Amino acid sequence: MIKNKRILVTGGAGSIGSEIVRQLAPANKIFILDQNETGAFDLAEELKQDGYWVEARIGDIRDKETVKDLFEDFKPQYIFHAAAYKHVSPMETYPLEAINTNILGTHNIISEATRWECLEKFVFISTDKVVNGHSIMGATKKVGEIMTRNKGKGFIAVRFGNVLGSRGSVIPLWQNQIERGKPITVTDKRMTRYFMTIPEAVNLVIRAAEEGKGGEIFILDMGKQINILSLAKDIL
């Protein structure tokens, strides 16, 4: 178990980041970095009321001064880097935003992390969309993986597929369509995807952080592929 550590979670108000915060808060000091002011504030206040040490820093990983100030204030021992743009289609429309956040923002975090001897582990949250990836989002996350692995000792990437209910997952989209009385969108009825829950994914991310030595990519066992049309029928 990861215990008694100072842990930075970038994107800590997001679906994956917030679950990392929740699972690690009982035994550690947690610092959240996120642009989502309300989400970060609400999560920190909730966990403080439970008696946990959690602080939120509102800011952008693309801002070098913000990143520098955070490290100087908190001196993290573990970093879970979950901040990223994750939707495929918007990043095709605005590729520069994907580059600035997923590549240059990641570079800012990694560069500052390597300056501090207190750092023990750096965990980059990746995606299966880097595999034979032709999307801008997948390509930028692949660059993030490469930058992480090339740092060697203590730097780890964790790659997994679709996480039920997370931002970017198809399930919330379908639920919204159903609630509005609209037909649900299935791009191709032959499509299959791997799925797991947010707590399952985060539990395996934390295990990878515990076991990783550095320079590895951990690929989570997502179980069996599920036909997307069958899943849509189940949701209906």
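Visitor: Which residues in helix 1 meet helix 8?
Guide: This is a predicted model, where local features need pLDDT of at least 70, side-chain atom pairs count only at pLDDT 80 or more, and totals for chains, interfaces and linings use all residues. Residues are numbered from 1 along each chain as its sequence is written, and side-chain values use heavy atoms, with hydrogens and water left out. Contact means heavy atoms within 4.5 Å, and helices are DSSP runs (H or I, at least four residues) numbered from the N terminus. Facing I198, P199, V202, N203 and I206 of helix 8, the helix 1 residues are S15, I16, E19, I20, Q23 and L24.

Visitor: At what angle do helix 1 and helix 8 pack?
Guide: Axes are lines fitted to C-alpha atoms over the stretch in contact, and angles run from 0 to 180 degrees between N-to-C directions. Helix 1 spans residues 15-24 and helix 8 spans residues 198-211. Their axes lie 9 Å apart, and the angle is about 65°.

Visitor: Where is N4, and is N4 buried or exposed?
Guide: N4 sits in the segment before strand 1 (6-10); strands are DSSP runs of E, at least two residues. N4 is not a glycine, yet its phi is positive, about 55°. Buried means under 20% relative accessible area, exposed over 50%, partly exposed in between (1.4 Å probe, protein chains only). At a relative accessible area of 67%, N4 is exposed.

Visitor: What is the relative accessible area of K75?
Guide: Look in the loop between helix 3 (64-74) and strand 4 (78-81) for K75. K75 has a positive phi near 50°, though it is a residue other than glycine. K75 is partly exposed, and its relative accessible area is 35%.
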